[in-house]
Amino acid sequence: MRIKNHPIISFPERKTVKFTFEGKTLEGKEGEPIAAALQAAGIKVLKHSINHDRPRGFFCAIGNCSSCLMVVDGQPNVKVCVTPLKEGMKVEYQEGKGDINAAD
Ligand code: FES
């Protein structure tokens, strides 16, 4: 699920890296937004709304909303639409508002 050819946009070649999502090993391109790597892997739900538990995915994709808050390497409230993917990252769903003590 990744666009490879586009009539006016070129895509630089990037190194493939491994990361985990909910304990499952996935691959993405180094430096691309984590959310883009998840989307390419077929994962469209990034969180659930706090009040009604409704699924949320990519919305603004520029870091202005909170539709994509996840736990990355133990750190809650990471906006994965603007956070670059790195080798070995551990990405997880966030429960509610996240536990700021979880990263300790
Ligand atoms: S999708 Fe809006 S902040 Fe990430």
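This briefing covers a strand arrangement, one glycine and one surface patch. The structure is a predicted model, in which local features need pLDDT of at least 70 and side-chain atom pairs count only at pLDDT 80 or more, while totals for chains, interfaces and linings use all residues. Residues are numbered from 1 along each chain as its sequence is written, and side-chain values use heavy atoms, with hydrogens and water left out.

**Sheet**
- Five strands (DSSP runs of E, at least two residues, numbered from the N terminus) form an open sheet of 5 strands in the order β2-β1-β7-β5-β6, with mixed pairing, where pairing requires that DSSP finds at least two bridges between two strands.
- The edge strands, each paired on one side only, are β2 (24-29) and β6 (75-79).
- Strand β5 (residues 69-72) runs antiparallel to strand β7 (residues 90-92), and 2 bridges join them; V72 stands opposite V91 in β7.

**G57**
- G57 lies in the loop between β4 (55-56) and β5, and its relative accessible area of 17% makes it buried (under 20%, against over 50% for exposed and in between for partly exposed, with a 1.4 Å probe and protein chains only).
- Leaving aside neighbours within four places in sequence, G57 is in contact with K44, L46 and S67, contact meaning heavy atoms within 4.5 Å.
- The C-alpha atoms of G57 and F21 are separated by 15 Å, and these residues are 36 residues apart along the chain.

**F11**
- F11 is placed in the segment before β1 (16-21) and counts as partly exposed, at 41% relative accessibility.

Notes: Helix = DSSP H or I, 4+ residues; strand = E, 2+ residues; numbered from the N terminus.
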